[in-house]
Structures are given as structure tokens and as C-alpha cells.
Amino acid sequence: MSDGTLPKAYEFEEVEPRWYAHWQETGVFHADADSGKPPFTIVIPPPNVTGQLHMGHALNNTLQDILCRYKRMKGFEVLWLPGMDHAGIATQNVVERQLGQDGKTRHDMGREEFLEQVWIWKEKYGGFIINQLKRLGASCDWSRERFTMDEGLSRAVRQVFVKLYIEGLVYRGKRMINWCPRCMTALANIEVEGEEVDSHLYHLRYPLAAGKGFLVVATTRPETMLGDTAVAVNPHDPRYKAFIGQQVRLPLTGRRIPVIGDEYVEREFGTGALKVTPAHDFNDFELARKHDLPLVQVIAEDGKMTGEAGEYEGLDRNVCRKRILKDLEREGFLVRTEHHKNRVGHCYRCKSVVEPMQSLQWFVATKPLAEKAMDAVRKGKTQIIPGKWEKDYFIWLENVEDWCVSRQIWWGHRIPAWYCRDCDMVIVSEYDPIHCPSCRGQNLEQDPDVLDTWFSSSLWPFSTLGWPEETADLKKFYPTSVLVTGFDILFFWVARMMMMGIHFMEEVPFRDVYVHALVRDAQGNKMSKSRGNVIDPVVMMDQYGTDALRFTLTAFAAQGRDVKLSEERIEGYRHFVNKIWNASRLVLMNIQGAEVSKDLPPSPGNLVHRWILSRLQSVIEEVEEALDHYHFNQYAQVLYHFIWHEYCDWYLEMVKADFYGNDAEAKRDAQTVAAHVLDQILVLLHPSMPFVTEEIRQKLPNTEGTIMKASFPEVRRERKDPEAEVSMELLMSVVGGIRNIRGEMNVLPATQVEVHCLCEDDREVELLHRHSPIISDLARLSGLHVGKVGESRKPPLAAGTLAGKVEVYVVLKDILDFESEARRLQKEISKVEKEFGVTKRKLSNEDFLSKAPVGVIEKEKEKSGRLGEKKEKLKNHFEIIENLKKMAAAGE
């Protein structure tokens, strides 16, 4: 017997924390490695310990949670493994800024004391984003939460590094790297963000060392001129053939440098003569190796000029540029300056301009690892979805360069390498050595650098499951099932996990990689604080509830298409939550105190029941198909349409008569079917809307325990009823047609109208006759006349429409004053035409189009389109009324 009732309003502020606490307390998120169920595993892309939940996190984790909740109900042993990344550079920067407020630096404290401060900061502030993920409803197994610098993962990192070193895949060498003068560390190539900037191309005169001639070179970085060791020209360039082998004098210094010939030089760029600065340019470094040129480093690691820069020593590189340009101009070496757009590398963390320089660093030789990672995708062992990202994956791995993994910071996994100061031996070991294995000396010094954050992250799928130990978790849950990630870390992280997973586990780390798009604002712009268009997910959850936010993100998560988000859309789906709540209240009120059977009627005679049960089977199929293939938006759209437009708008409206009537059997059938379909709806919807579905289902009869343990609905073929669907489609089309005419003709909702339906066959006549009470009730009719085309006539003074092949006429005689309605429409048309004219003038105004923000212009275009459509519709209605007015005057 059902005694469940719901309050009038859904109070998510009270419901959400209550249910999340219950789920945690009862252990429903916990995965059992000894279970006989098939495994389904997701490892969370670990957010930075410094992070706070943004809309990208909200989308990413909502999609993961949908898959986990879905698979649990499908009978899988689900492990969603959470954790955080130590975020080396980002975290160190945060703590250093804090120290800076007290006038201190990390060097004042020393390494050990500074690291203690970082750990204190991590314990105090580091878990903030974890609590926000819980607020989002993330059903992670929090008992297995990992941190990239916890003891187990640190051991895994050491073992991987040492093994790669033994295999010759990790080495230490002096190579050109990207250096961040702000973070004071090396960066991997993909940690450098290229940004197009407005720059200048400076044309400089390099005089010949012998004779009166000169060469003009073009550069965007005149301060690096001090480190030039050659000028290169194309040997096939007739302008410069005679110069090859000669020397020029370096402006301001007088140092002699050779003119060399190399086909690398583009004759069309600049002057066709290239200054070669091997210590500060990757391409120039390769030219230097080829032509045996010396390297002169004029910019130091802190971005200041070195002693090699002569009188400019100690100047910041940007200050030096200005000084040098003045000096070049004064000495007559600056020929001309022109505007130039230039792509400049910036640090992905602090956005400072990076400095290419030669440095002694640790590298991973990635090409041998990359080949296996590509082969796994080619053979379908791992599938990247959508498939368009496979091309980018292959391009990057085919052109991959050795990975610089050492970072000159203190927070992170310290490189397990020691240098013997007595015999210069390098010792790479999992364990801290006591003495040198070569000379037995104890004068050992550990490498001060730490590993790139992405090095430990690349081991995430297997290190978090206990590797290098052969744990039960590793055996049960590796390889993982799917990785849900943004495309921005496809190379940073995904490709590297593939390389490491295959190398150390001899198995891919995940079967599927689902790559979701970016969350942008409603106009498609990237969200940023500078634009002021950031939508905070926590604020949205506070205002509209977590379920509304999650469902909005789900509904717009189409494969390969960015999510265009606005607060209005989230508010719109909050109305959907309310719709579900109110529909559930209606059902619960009408089954309260009743014995609602677990079993559906074997074959309900009522067409409406047959139809909704048949439609439910199709919805279950479509939902499974969508979730199994990561079509999250289709999953949301199918349920939205079924719940709002079929179950609520049609089914519940049609069975109200049975709820309130005196026919006991009809009432019992309505109660049973309505409750059954509602239960199935809640389970289907639960992966995306966990809180409201749990709260409502607790009140339904014949349900036990949490909805998270409910079985996912299965299709019941015997309930498929195509005939019922066709019949209901006609009834809904007739009612919809009548409602449209009422709306278009401005018939008041309370006014009952007479309707005539002309059908083509007897089946349609019988169907409409049999269900005339439902049609009359839903469409507010005073009378319904059903006949066949040819046997019955179209009524006079009526507006008509087609419902399938059925002609539907709404009699307007004595309902409308045609004269008054025509005047009303004329007035409305004039008003709309005036507004339409204003928008057209705006959109044809060049001043408006050139000065107004893009979002304002787009809104104006949308408004213009709406007004144009409204104008045409009103004119059509006016024409109908004019015709009816003439017919009435003619007495037809």
C-alpha cells in the first residue's frame, strides 16, 4: 500500500546533502574487487590540488558519473577511482606567492622547510575541489582516493623511471629546451602555448668585415643579436651567392661571424638573410650543429642578459631590446622597422614568454613507446570517440620528440639520480644509495630537479590500482573501461598514458577514450574572467540545484560540438525538474492508500495504457543505445521528450478521468501503469539527475532501498504495440490541431468550441468516436462531429487543419467577432512591423555592425528573425479572418 506523498515544492537544498551523505554512509559507491560481476572502471582525470570546480570539470565529471551510475544499474562492478594531481609548478607558485606576502622566498627557507609548508598548504586547502565534486553528485569510491605524491604512487614513479633508465629510454643530455624565466624551469614542448602577437620585424645592417658591402637581416628579437654566430643565406639565392664564405661584423660588438649557405633559409622571408643565434633558437641550434658553429648564450635562466652580452649584462631581456634598438639606430645599423604578426611561445602556467636555450636535462626517448601507442589504436584495442580525434593523436605521435621530464622546482617527485663527487658516477636507483657502487665513496648528491607532473600522471591508470604490487584491484579493474577527457589534454596526458600503460602493463590502459568538447558561453565564446562571461557551476547549483545543472550539460553534450551554455538554459531545465516533481505528486496522490500491483495488467484494453507502455519500450532502447555509444545529448533529449511531452502532457492528462472516476478496474489499471512508468522513468533518468529521482522513488510502492541498486529497465517485447502508437498519434494530432487553431484565432481557453472531423476510412471514424470524451475534454469542445469525406460536409465559418489525413474544422461562428478580431490583428501587425523595422535598420547600419559586441549583434539577428516569423504568421491569420468575415457577410 502506498502512503508516499511529496511536498508541494522540491527543496533541493535539503534533499541533495541528505542523499549524498546516505549514499556515502551505506557504501553504495564502493567497488568490490572480489565480486563476480563484470568490471567497469573509470579513473578520474585528477584535478589539480590547487583547483576549484569550473564548468569544464562539471561537464567532465557529470558524464563520468552518468556512465558509472548507468553501469551499476546494468549489473557491473563499478569502480570510479578518484584522486588529485600534485600540480608541481602551479602548487609551488601558489605557496611561493603566500610566502612573498611575508617578504620571504623559498630559498630563504631551504628545500625541506619549504616542502613542509607545501604539505601543510595541501592539507589545509588541497581538498576543496573534492568537496565540490561531491556536491556535483560524483559517485566515486572515495575509500580509494589517490594523490600523485602519496607513498604508493611515489614508489611506482621511481620504479618506472629506473626501469626506463636501465632500458635506455631515460637519459640525461644537453639539448635545446623551452625555459620559463618566471617559473625558472624547463618545459616540455607541449607545455608551450603558441600565441599570435602584434610584433615588429627589425631590418639590421651587418657590414662586411672586408670591403664596403653589407648584408641586411630581419629579426623580431634584436636583443638576441648579441649571441649571433653566423648569418645564413640560401645557396641558390643569386643575391647572396658571392657572400658565402665571407665574414660580417656583428653590429655594436664588432665580433666577426661567417656567412654560411644552407637550403633551410627561405629566400622569400624578410631579406633572405638569416641571423643565426644557436643558443636561443631551436632551428638555429640545428644549423649550428650542421655547420659546427659555436653557441653564445646571452640570456640567462632568469631572463636577464649574461656576461656574453657585454655592456648590456644584467638587463632584463625586454629592457635590453629597447636599449639595443636605440643604440642600433644611433649607430646607423637599424635600416627600418615594420609591423609583423608573430607566433610567440608562452608558458602554459604563468603565460610568460618562454626562452629557448640549451640546458642539461633528463629526457624520455618517446619514439619506441609511441609506435606501440599508435598500433593499439590502429588495431582497435583502444577506440577514440569521436573518431576525428584519432587523426590528431596519430599526427602528434608520428612527430613526437623526446620528452623533457626534469623540472627545476622543489615540489614534485625528486629525480632518483645521484652524482658521486669522487668519481663522477651517475647512480639511478629505486632506493637512496648509501655509497657509490663504483668507488665506494659516500660523497653523493641527489639531482635537485623533480619530474614533470605529467610523468606521474601518465602512470595513473595502473599506479592507482596498486602497481607495482599485483593487487586484487589491478587484476580486477585493469585495463579501465573508458577515459572521459577534454581534447586539450589528449597529448599532455592521454597519449602518454597509452605509452606507459602498454610498456609496463603490456595492455592498453583503457578500451575507450571519449573526448568531449569545451563549455563556452551562449554565443560560442570561450569563458574567461577577462571577458566576464564565466558561469560558476557552484553558483548554478546553489540557484537551480545540481540536477538542473547536470541535465543541462548532458542535453548539450553532443559529440564533437562545443557546449553553448547560458544561465537561462540551466533555469529552463530547473523547470523540467519541477515538471517531474509535480507529475510525481499527481501520481502519488492518486495511488495513496491503494494496493498498487507489482505486475502490469496482462493486456490493458485502454489504448492510452497500451500506447505509453509501448513508447516506454522504445525509450529504453534509445536510452541504452545512446549511453552505450556516448551520445549523451540524445539520451537527455529522448527522456525530456518522453517525460514532458508524452507522459506528462498526454498520458497523465488522459488518465485523470480514470483516477477520479468510479470504475474500479479502470482506476486500478491507471494507478498500476502510471506508477510503473514513473518508476521506469526515474531509473532511466537517475544517471543524469541522481538526487530528485532518488527522493521521488523512495515514495513509490514496490520499491526497496536506494535507486542506485535498482536494475536498469529491460525492453519487454510483448509490450511493443505499433497499432496503439499509430492510433494515439492520430488522437494527439487531432487535439493538437484544435489547440493550434484556438491559439491562432485567439479563442479564450475557457470557451468551448464545436469541431467537425472528416476521415478517409472507417477505422479513423471508429477511433475518433470511441475516444471522443478524451478529445472533448483535452480540446475543450462543446461538440465533436465525426464523419467520412464525401459523406459529411465541411461546416461553414470554420478554420481548418490536417491531422494526418483527417480534416479538422473548428467552428468559429458565434465564437469570434470577425470584425473585432481583424482590427486586433491589424493593430498587432502594425506593432510588430514597427519593431521589425527598427531591428532591420540596426542590422543595416555599418556603424552598429562595426562597434557593437558580437553577442549584441547576434541577439539582434535572432530578434529580427523572430519578429519576421511572427509578422508572417499574423498576416496569415489576418487573411483567414478576412475570408471568414466575407463568408459571414455573404451568409455562407
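This passage describes two open sheets and two helices of a predicted model. Local features were taken at pLDDT of at least 70 and side-chain atom pairs only at pLDDT 80 or more, whereas totals for chains, interfaces and linings use all residues. Residues are numbered from 1 along each chain as its sequence is written, and side-chain values use heavy atoms, with hydrogens and water left out.

Helices (H or I, at least four residues) and strands (E, at least two) are DSSP runs numbered from the N terminus; two strands pair if DSSP finds at least two bridges between them. One open sheet comprises four strands in the order 10-11-9-12, with mixed pairing. Its edges are formed by strand 10 (247-249) and strand 12 (273-276), each of which pairs on one side only. From one strand to the next, the twist averages 30°. Three bridges link strand 9 (residues 230-233) to strand 11 (residues 256-261) in the parallel sense, and Val-233 lies opposite Gly-261 of strand 11. Helix 8 (residues 282-291) packs on this sheet and touches strands 11 and 12 (contact: heavy atoms within 4.5 Å). The direction of helix 8 makes about 85° with that of strand 12 (angles run from 0 to 180 degrees between N-to-C directions, with axes fitted to C-alpha atoms, for helices over the stretch in contact).

A further open sheet has four strands in the order 6-5-14-16, with antiparallel pairing. Strand 6 (185-187) and strand 16 (403-404) each have a single partner strand, so one side of each lacks a neighbour in the sheet. Strand 14 (residues 355-364) is joined to strand 16 by two bridges, and Val-364 stands opposite Trp-403.

In helix 15 (residues 490-505), 14 of the 16 residues are buried (under 20% relative accessible area, 1.4 Å probe, protein chains only). Glu-506, just after helix 15, adopts a positive phi of about 55°.

Conventions: Buried < 20%, exposed > 50% of the residue type's maximum accessible area, 1.4 Å probe, protein only.
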